[in-house]
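Colleague: I would like a close look at a single part of this model, with the strand pairing as the theme. Please then set that part against the rest of the chain and tell me how far the prediction can be trusted.

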Amino acid sequence: MAFQKAVKGTILVGGGALATVLGLSQFAHYKRKQWYLKRYWRVPVPKVTMSSMVNLAFVEAADYVSEPVNREPPSREAQILTLKNTSEFDVLVIGGGATGSGCALDAVTRGLKTALVERDDFSSGTSSRSTKLIHGGVRYLQKAIMKLDIEQYRMVKEALHERANLLEIAPHLSAPLPIMLPIYKWWQLPYYWVGIKLYDLVAGSNCLKSSYVLSKSRALEHFPMLQKDKLVGAIVYYDGQHNDARMNLAIALTAARYGAATANYMEVMSLLKKTDPETGKERVSGARCKDVLTGEEFDVRAKCVINATGPFTDTVRKMDDKDAAAICQPSAGVHIVMPGYYSPESMGLLDPATSDGRVIFFLPWQKMTIAGTTDTPTDVTHHPIPSEEDINFILNEVRNYLSCDVEVRRGDVLAAWSGIRPLVTDPKSADTQSISRNHVVDISESGLITIAGGKWTTYRSMAEDTINAAVKTHNLKAGPSRTVGLFLQGGKDWSPTLYIRLVQDYGLESEVAQHLAATYGDKAFEVAKMASVTGKRWPIVGVRLVSEFPYIEAEVRYGIKEYACTAVDMISRRTRLAFLNVQAAEEALPRIVELMARELSWGDSKKEEELETARKFLYYEMGYKSRSEQLTDHSEISLLPSDIDRYKKRFHKFDADQKGFITIVDVQRVLESISVQMDENTLHEILNEVDLNKNGQVELNEFLQLMSAVQKGRVSGSRLAILMKTAEENLDRRVPIPVDRSCGGL
């Protein structure tokens, strides 16, 4: 209110006073936010002059959410104390995914006393395992038109609205992405063109950029690795792309800054209930929570409890009513990550009709290429594992669209993951078998509010609907939702050139500075301040965790401030290493654990436990198992006799003693002969990748299996195979020329 009065007091003052009242950063963003005023608060926006700015400022200030109560999110310990010592919250949200975090942010910005608990880490489930798109859903619009389905149309309309808002409130984490739809039959060109133009039309003022048609030659210029044969042309349309786990975290951190008590690794053991004196019925009144890290249990009481647990929706519903009918229909969606050279840096690809009828996306992401997704029934689990069958399905679909010049190799899959899509049936629907494509807000007899279904893009509107239901059902005193246009952490003072200041002010590499700006937004300076001095002429600060990725050691220390509690949190959600390259993540693990141990006072046993847990996570959930099994599961050696002879000769150049196997000593001896130095730990890692029986040596049969797998594309980037080939070539070049071949010489 004080803020509103201050603006009223300056209603006739010039722009300088306006800037003072609003704050320089708000004033700088003013023009950018005009269309929000016009669209969502229905305020007419005239041509901006100095006097008209003052009037607009008054309108915005009337609905403006006050600044966050905390400059930085309170520590996890402080949040847990708040959970334990607060007599009663207005709202308790169970689930720290995109929707749960969105509910907490929506509730706390309405002035409700809010708590959020998550049994694992924020975004540890489906919210970090998406296709990374912020989209309205082209295929949903097609179905809406073909089947005259008004529900599908409304869902697309809502998603396009939310897409625009998300790109506005987190500009550092999201951006528009052009996506190409290749056309291979002439009749498809007008058909798809009309559909894509309708997509633009439905978006209206929220349209990112207008779609357009490309000729065959222009399509190949933009996407040179595209299949050329029978290509007619292409249509390009725009959707949004984001860093999903970091976006989820930004929502949770923003809620914490506005005063919500948010805690990860806080498991709900049971729901608390009390008898309503007016009706005599039992009502949900909170939850019994357990700190997973310490084992401590305590009660958190609240007037309203919200179930936002995604695939685990029914688990919480059955805590409330053990006879509640299941409404979640879990479906597994697998994605794979391949090297960046498989796609252009700024152009995605859409396959609208795969062999199983599902859409496949092929997109650049974090300088890699992401492909997916599948859609198969699955059981609900905390640790979904990508199957080899799904990985190969995606690879086969990708091969259909890429040029035959590009060999799509199984060995180029750098990471793979499975996310559980929580499709739901509406419990109040007459046809309980029909799966709702939109979200469902369900209120049980005891007052438990469940939000389920929907998709990443619409998390904010899902949260708004949920809190509206909570306010109405539990008679909470709160105004309308205030999250449209509300900047998430890092977005308010971000600009596309912010990274230049990081380079100039701190001496960071340009690539590292760009990464920090795109990950932390205006908080990147705080990470840069923590960066270690390299001891080099350039860069001055910013020691990398692994050489080929821009993640630096300072991010580990900063990640702990962002509630990271485990090594898995750090490699998968504070950084995205596990989702980009499992081998690079494993390589960085020891250093990450060492840095976290210093900050969190871990002993040796705790460090070993963290390493083991993180390696299991990489092995099972991030596709390392599927990658390593390309040798063990395909043990047959399918090489031509000439190839076998060639590889045997190469092997025996290392096995000089004819033992039948090679060790680190053998490899070191050959490397020294060609003046190559390599430390023993690295050599051990290189041999261990091929040492199938883990006996510290590589037998001839294991080496031939490796070369067979390399030839068939099941394994790529094998350090041992490349090392031995390079060494052999160097040895051959150094063989002295016989005297008789030079005619006796002089």
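Modeller: Helices (H or I, at least four residues) and strands (E, at least two) are taken as DSSP runs and numbered from the N terminus. The model is a predicted one, in which local features need pLDDT of at least 70 and side-chain atom pairs count only at pLDDT 80 or more, while totals for chains, interfaces and linings use all residues. Residues are numbered from 1 along each chain as its sequence is written, and side-chain values use heavy atoms, with hydrogens and water left out.

On that basis the chain holds 29 helices and 21 strands, and the part I would look at is the set of strands around strand 10, residues 297-307. Two strands are called paired if DSSP finds at least two bridges between them. Strand 10 pairs with strand 1 in the parallel sense over five bridges, and one of the residue matches there sets Val 93 opposite Ile 306. With strand 9 (residues 282-291), strand 10 runs antiparallel, again through five bridges, and Gly 286 has Arg 301 as its bridge partner in strand 10. Strand 9 and strand 10 make up a hairpin with five residues between them, and in the turn Gly 295 takes a positive phi of about 85°. A further parallel connection, of two bridges, leads from strand 10 to strand 19 (residues 449-453), where Asn 307 has Thr 450 as its bridge partner.

Strand 1 (residues 89-94) also pairs with strand 2, in the parallel sense and over four bridges. Val 93, which has Ile 306 as its bridge partner in strand 10, stands opposite Leu 116 in strand 2. For strand 2 itself, residues 114-117, burial is the point to follow, where buried means under 20% relative accessible area, exposed over 50%, and partly exposed in between, with a 1.4 Å probe and protein chains only. In a regular strand the side chains alternate between the two faces of the sheet. Strand 2 is covered on both faces, since Thr 114 and Leu 116 on one side are buried, as are Ala 115 and Val 117 on the other.

Beyond strand 2, the loop that leads on to strand 3 (133-134) contains Gly 125, a partly exposed residue with a relative accessible area of 34%. The C-alpha atom of Gly 125 lies 9.8 Å from that of Arg 421, although 296 residues separate the two along the chain.

Some backbone details in other loops deserve a careful check. Most residues other than glycine have a negative phi, and most peptide bonds are trans. Tyr 265 has a positive phi, near 55°, and sits in the loop between strand 7 (261-263) and strand 8 (266-275), where this tyrosine is buried at a relative accessible area of 8%. Gln 366 also has a positive phi, of about 55°, in the loop between strand 13 (360-365) and strand 14, but Gln 366 is partly exposed at 33% relative accessibility. A cis peptide bond with omega of about 20° joins Gly 372 to Thr 373, and Thr 373 belongs to the loop between strand 14 (368-372) and strand 15 (376-377). Another cis peptide bond, with omega of about -5°, links Trp 538 and Pro 539, the proline lying in the loop between helix 18 (524-530) and helix 19 (554-561).

As for the chain as a whole, 55% of its 746 residues count as buried. With a contact taken as heavy atoms within 4.5 Å, 72% of the contacts between residues at least 6 apart in sequence join residues at least 24 apart.

Confidence is given by pLDDT, the predictor's confidence in each residue on a scale from 0 to 100. The mean pLDDT of the chain is 85, with 86% of the residues at 70 or more. Residues 1-63, however, have pLDDT below 50, and this stretch still makes 85 contacts in the model beyond near neighbours in sequence. Over residues 739-746 the pLDDT also stays under 50, and there the model has one contact beyond four places in sequence. Where pLDDT is low, the predicted coordinates should not be read in detail.
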